[in-house]
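Subject: Structure handover

Hello,

Here is the structure for your files. My notes on what was found in it follow below.

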Amino acid sequence: MALQQTYERKNIYKDFDISFNLNPITGDIGTKTDVNAINQSLKNLVNTNFYERPFQPFLGCNIRGLLFELADPITMSDLKTAINETISNYEPRVSVIELRLDDLSDQNAYNVRIIYNILSSNTVNEFETILKRLR
C-alpha cells in the first residue's frame, strides 16, 4: 500500500504586483498573494474611471467627478453606491460587510474604509484608502 501525501495549499489568490518590482531571487515580476492581492485589486477598482481600460469601458467606479461635488449626504451616498456596485460586479472573491466613508473636508478628501469577507476562506479583512482631488 502506497502512502498518499497531501499538501496544504498556502496561497489561494495570486496576482502580479502592479508596481512591477522584480523578485530579487528569480528576476521575474513580483507577485502579491491572498489579502494583499485583494487589497491591490480593490484599490485599482476604486481608483479606475470609466473608459480607462481598453475593451472594458465600464470597469471601475467613475468617482473622480463626484470628488468635485459638494461634500453632502447625497454625494456620500452616490460614492457608496458606486463603490459597492463596482466591488460586487468586478471582485467575485469578496463580499462587502461594511463600507464607511468619512468626509475630510479640510483636506478635500474622503476616507474610504471597506470591511469585507473573503469568500473562499471566510476571513474578515479591512481595506482603507483616501480619495483625494488632484486639483
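Two strands count as paired if DSSP finds at least two bridges between them. In that sense L99 stands opposite I114 in β4. Please keep in mind throughout that this is a predicted model.

Overall layout

The protein contains three helices and five strands. Read from the N terminus, the order of elements is β-β-α-α-α-β-β-β. The C-alpha trace spans about 70 × 35 × 30 Å along its principal axes. The radius of gyration is 18 Å, whereas a compact globule of 135 residues would come out near 14 Å. Of the 135 residues, 33% count as buried. If one takes the contacts between residues at least 6 apart in sequence, 35% of them join residues at least 24 apart.

The sheet

Three strands make up an open sheet in the order β3-β4-β5, and the pairing is antiparallel. Its edge strands are β3 (94-104) and β5 (123-132), each of which pairs on one side only. On average, neighbouring strands of this sheet are turned by 15° against each other, direction ignored. In general, strands of a sheet pair through backbone hydrogen bonds, in either a parallel or an antiparallel arrangement.

Between β3 and β4 (residues 109-118), which run antiparallel, there are ten bridges. Besides the L99 and I114 pair, R100 has R113 as its bridge partner in β4, and D102 stands opposite N111. The two strands form a hairpin with four residues between them, and N108 in the turn has a positive phi of about 55°.

On the other side of the sheet order, β4 and β5 pair over ten bridges, again in the antiparallel sense. Here I118 has T123 in β5 as its bridge partner. This hairpin also has four residues between the strands, and N122 takes a positive phi near 55°.

How enclosed is β4 by the rest of the structure? Nine of its ten residues are buried, so β4 is largely enclosed.

Helices on the sheet

Helix α1 (residues 34-47) lies across β3, β4 and β5, and runs at about 35° to β5. Helix α3 (residues 73-90) packs on the sheet as well, where it touches β3 and β4. The direction of α3 makes about 155° with that of β3.

Two residues to look at

The first is L79, which is found in helix α3. Which residues does L79 touch, leaving out those up to four places away in sequence? They are I63, L66, L101 and Y110. L79 has a relative accessible area of 0%. Buried means under 20%, so L79 is buried. The C-alpha atoms of L79 and N111 are separated by 11 Å, and the two residues are 32 apart along the chain. N111 is the residue that D102 stands opposite.

The second is T129, which belongs to strand β5. Is T129 buried or exposed? Its relative accessibility is 11%, so T129 counts as buried. Not counting residues up to four places away in sequence, T129 touches Y110, N111 and V112. Y110 therefore appears in the contact lists of L79 and of T129, with buried meaning under 20% relative accessible area for these two.

Aromatic rings

How many aromatic pairs does the structure hold? There are three. Ring pairs link F50, Y51 and F58 into a cluster. Apart from ring pairs, there is a charge over a ring: R93 lies over the face of Y13, at 5.1 Å from the ring centre.

In short

For a first look, I would go to the open sheet β3-β4-β5, then to α1 across its strands and α3 packed on it. After that come the cluster of F50, Y51 and F58 and the placement of R93 over Y13.

Regards

How values were computed:
Residues are numbered from 1 along each chain as its sequence is written. This is a predicted model: local features need pLDDT of at least 70, side-chain atom pairs count only at pLDDT 80 or more; totals for chains, interfaces and linings use all residues. Side-chain values use heavy atoms; hydrogens and water are left out. Axes are lines fitted to C-alpha atoms, for helices over the stretch in contact, and angles run from 0 to 180 degrees between N-to-C directions. Contact means heavy atoms within 4.5 Å. Buried means under 20% relative accessible area, exposed over 50%, partly exposed in between (1.4 Å probe, protein chains only). Rings of Phe, Tyr and Trp (its six-membered ring) pair if their centres lie within 6.5 Å; planes under 30 degrees apart count as stacked, over 60 as edge-to-face and the rest as tilted. A charge sits over a ring if NZ of Lys or CZ of Arg is within 6 Å of the ring centre and within 35 degrees of the ring normal. The radius of gyration is taken over C-alpha atoms; the globule rule is 2.2 Å times the number of residues to the power 0.38.
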